[in-house]
Amino acid sequence: MIGHFLLRIIIWFLLTANFELPNIIIGIIVALSLPYIPLFKSTDKIQDLLKSLWQIAIAIPQAYLEAFQLILHPHRQEEIVIERIKSERSPRLVFLDIFLITLTPKTVVLKYNEQGWYEVHRVRRKKK
């Protein structure tokens, strides 16, 4: 419980970048008023969570690389693709999947279907 409070208040200060007394009081009120949500549920497999977190860690440098590619060589070709996923994934893992896809500048999830697929918009360099 204390760990959740500390995480929330740290995120508050990172978002606001304001350490004045009124902001600290508001941050404490917000951090205490948010409902407690357990980190893991019985439907989540720890292996799937760790795999998703590892993929996100790898995607961060990839996002920077793609951003530089877009700046140096504009991508003008667009496509919408369907990506299949395991349909028995928990909502938390689905969120991590969508976050992972949308983290990179060249892709964004347009639609999620509970039958096990994402509709993903991608930009690509024009083929010569």
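Visitor: Where does Ile-10 lie?

Guide: Keep in mind that this is a predicted model. Ile-10 belongs to helix α1, which covers residues 2–16.

Visitor: How do I read its exposure: what is the relative accessible area of Ile-10?

Guide: Residues count as buried under 20% and as exposed over 50%, with partly exposed in between. Ile-10 comes out at 48%, so it is partly exposed.

Visitor: And how far apart are Ile-10 and Leu-50 in space?

Guide: Their C-alpha atoms are 23 Å apart, and along the sequence the two residues are 40 apart.

Visitor: What does UniProt list for residues 9–32?

Guide: The unreviewed UniProt entry lists that stretch as "transmembrane region". In the model, residues 9–32 are 83% helix and 0% strand, while the C-alpha atoms at the two ends are 9 Å apart.

Visitor: Now helix α2. What span should its 13 residues have?

Guide: Reckon 1.5 Å a residue, taking one less than the number of residues. For α2, residues 21–33, that gives an expected 18 Å, and the end C-alpha atoms are indeed 18 Å apart, so the two agree.

Visitor: Which residues of α2 are buried?

Guide: Asn-23, Gly-27 and Ala-31 are. Around the axis they take up an arc of only 70 degrees, so they sit on the same side of α2. Part of what covers these buried residues is α1.

Visitor: Then which exposed residues does the face turned away from that buried side carry?

Guide: Look there for Leu-21, Pro-22, Ile-29, Leu-32 and Ser-33.

Visitor: On to the sheet. How do strands of a sheet pair?

Guide: Backbone hydrogen bonds link them, and the pairing can be parallel or antiparallel. Here you have an open sheet of three strands in the order β1-β3-β2, and the pairing is antiparallel.

Visitor: Which are the edge strands?

Guide: Those are β1 (77–84) and β2 (107–113), since each one pairs on one side only. Ignoring direction, neighbouring strands of the sheet are turned by 20 degrees against each other on average.

Visitor: How many bridges do β2 and β3 pair over?

Guide: Six bridges, in the antiparallel sense, with β3 covering residues 117–124. To find one on your screen, go to Val-108: its bridge partner in β3 is His-121.

Visitor: Last one: which strands does helix α4 lie across?

Guide: Helix α4, residues 91–103, lies across β1, β2 and β3, and runs at about 150 degrees to β2.

Methods: Residues are numbered from 1 along each chain as its sequence is written. This is a predicted model: local features need pLDDT of at least 70, side-chain atom pairs count only at pLDDT 80 or more; totals for chains, interfaces and linings use all residues. Side-chain values use heavy atoms; hydrogens and water are left out. UniProt positions are given in the numbering used here, feature names are shortened, and annotations may be inferred rather than shown by experiment. Helices (H or I, at least four residues) and strands (E, at least two) are DSSP runs, numbered from the N terminus. Buried means under 20% relative accessible area, exposed over 50%, partly exposed in between (1.4 Å probe, protein chains only). The arc is that of the directions from the helix axis to the C-beta atoms. Contact means heavy atoms within 4.5 Å. Two strands pair if DSSP finds at least two bridges between them. Axes are lines fitted to C-alpha atoms, for helices over the stretch in contact, and angles run from 0 to 180 degrees between N-to-C directions.
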